[in-house]
Amino acid sequence: MVIYLVNTPSRKLYLPVGLLSRSKAALQVSVLESNLTHFGVLRGKVKCQPADLEVAELDFVVMSIRDQYWSRSDMYLMKRSLLHKCVVIGNNANFGPMYGAIKQAIAKGQPVLSGYVTDQTKFVFRSRGAQYQIFFQMSREMWEFAKDGQLHFEKAINDFIPTLLEKWKSVGS
């Protein structure tokens with residue numbers, strides 16, 4: 001189902017809906033407030049109609065991951081768990097112990113607020129808690145003095161590491 005404000009039909013919210021019984025004369029739809037805040041409305045006159053899945057199909061979904069390690073298989077499993085479902089920017093997606101936030105959705109080259117995940121949807125996983133580990137092999141030479149009087153170990157810690165961090169900072173990584 002697609003929901004949109006009567007006066008702004010370009011901002012659409014795609015939501016999955018189960019089977020509806022035709023015997024109900026009046027139909028009331030309740031939507032989570034967190035979904036509606038992305039559309040800039042909490043209450044208002046909206047129009048609901050069945051959605052064409054080809055129009056709602058997403059090309060890309062960008063997910064943000066934090067405080068977790070995800071292997072390639074975890075990313076694949078998360079994508080499979082969202083297959084044939086609607087996603088909304090800002091909502092979290094869970095699969096077992098893994099969780100991530102939907103940060104961006106793109107359909108037909110344009111950013112959208114929600115859409116439908118298909119087999120052709122490509123996922124981009126961005127880590128917000130990237131971590132680097134630098135290992136030094138501590139050999140006998142690391143404890144010998146260089147020509148300037150410093151231990152090679154001290155040169156690695158006091159010269160190499162700060163220079164590396166400054167270089168990363170200067171290139172914006």
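Ser64 stands opposite Ala101 in strand S7, and that pairing is a handy way into this fold. What you're looking at is a predicted model, where local features need pLDDT of at least 70, side-chain atom pairs count only at pLDDT 80 or more, and totals for chains, interfaces and linings use all residues. Residues are numbered from 1 along each chain as its sequence is written, and side-chain values use heavy atoms, with hydrogens and water left out.

**Overall layout**

- The chain has four helices and ten strands; these are DSSP runs numbered from the N terminus, with helices being H or I of at least four residues and strands being E of at least two.
- Reading from the N terminus, the order of elements is β-β-α-β-α-β-α-β-β-β-β-β-β-α.
- Out of 173 residues, 28% count as buried; buried means under 20% relative accessible area, exposed means over 50%, and partly exposed is in between, using a 1.4 Å probe and protein chains only.
- Take the contacts between residues at least 6 apart in sequence, and 68% of them join residues at least 24 apart; a contact here means heavy atoms within 4.5 Å.
- About 12700 Å² of the chain is exposed, with carbon and sulfur atoms supplying 54% of that; the areas come from the Shrake-Rupley method with a 1.4 Å probe, and for residues only the protein chains shown count as cover.

**Strand S4 and its neighbours**

- S4 covers residues 60-65 and is mostly covered, with five of its six residues buried.
- On one pairing, S4 runs antiparallel to S7 (residues 98-107) over five bridges; two strands pair if DSSP finds at least two bridges between them.
- S4 also pairs with S10 (residues 122-127), this time in the parallel sense and over six bridges.
- Within that parallel pairing, Met63 has Phe125 of S10 as its bridge partner.

**Aromatic rings**

- The whole structure yields four aromatic pairs; rings of Phe, Tyr and Trp (its six-membered ring) pair if their centres lie within 6.5 Å, and planes under 30 degrees apart count as stacked, over 60 as edge-to-face and the rest as tilted.
- One of these pairs is Phe123 with Phe125, which is stacked at 5.9 Å centre to centre with 20° between the planes.
- Phe123 is buried, at 15% relative accessible area.
- Trp70 joins Phe123 and Phe125 in a cluster linked by ring pairs.

**Around Val117 and Pro111**

- Val117 sits in the loop between S9 and S10, and it counts as buried because its relative accessibility is 0%.
- Val117 touches Leu58, Val61, Leu82, Leu83, His84, Lys85, Val87 and Phe123, leaving aside residues up to four places away in sequence.
- Val117 and Phe60 are 57 residues apart along the chain, with 8.7 Å between their C-alpha atoms.
- Pro111 belongs to strand S8 (residues 110-112) and counts as exposed, given its 60% relative accessibility.
- Pro111 and Phe60 are 51 residues apart in sequence, with a C-alpha to C-alpha distance of 9.3 Å.
- With residues up to four places away in sequence not counted, Pro111 touches Ala105 and Ile106.

**Salt bridges**

- A search of the whole structure turns up two salt bridges, each defined as a side-chain nitrogen of Lys or Arg within 4 Å of a carboxyl oxygen of Asp or Glu.
- In one of them, the side chains of Asp119 and Arg80 meet at 3.8 Å, N to O.
- That pair links distant parts of the chain, 39 residues apart: Asp119 is in the loop between S9 (114-116) and S10, and Arg80 is in helix H3 (residues 72-82).
- Asp119 is partly exposed at 44% relative accessible area, and Arg80 is partly exposed at 40% relative accessibility.
- Asp148 and Lys155 also form a salt bridge, with their closest N and O atoms 3.5 Å apart.
- Asp148 is partly exposed at 49% relative accessible area, and Lys155 is partly exposed at 28%.

**Nonpolar surface patch**

- Ile134, Phe136, Met138, Trp143, Ile157 and Phe160 make up a nonpolar patch on the surface, with about 560 Å² of accessible area together.
- Patches are built from residues with over 30% relative accessible area and no salt bridge, joining like charges within 9 Å and nonpolar side chains (Val, Leu, Ile, Met, Phe, Trp, Tyr) within 5 Å.
- Phe160 lies in helix H4 (residues 152-170) and counts as partly exposed, with 43% relative accessibility.
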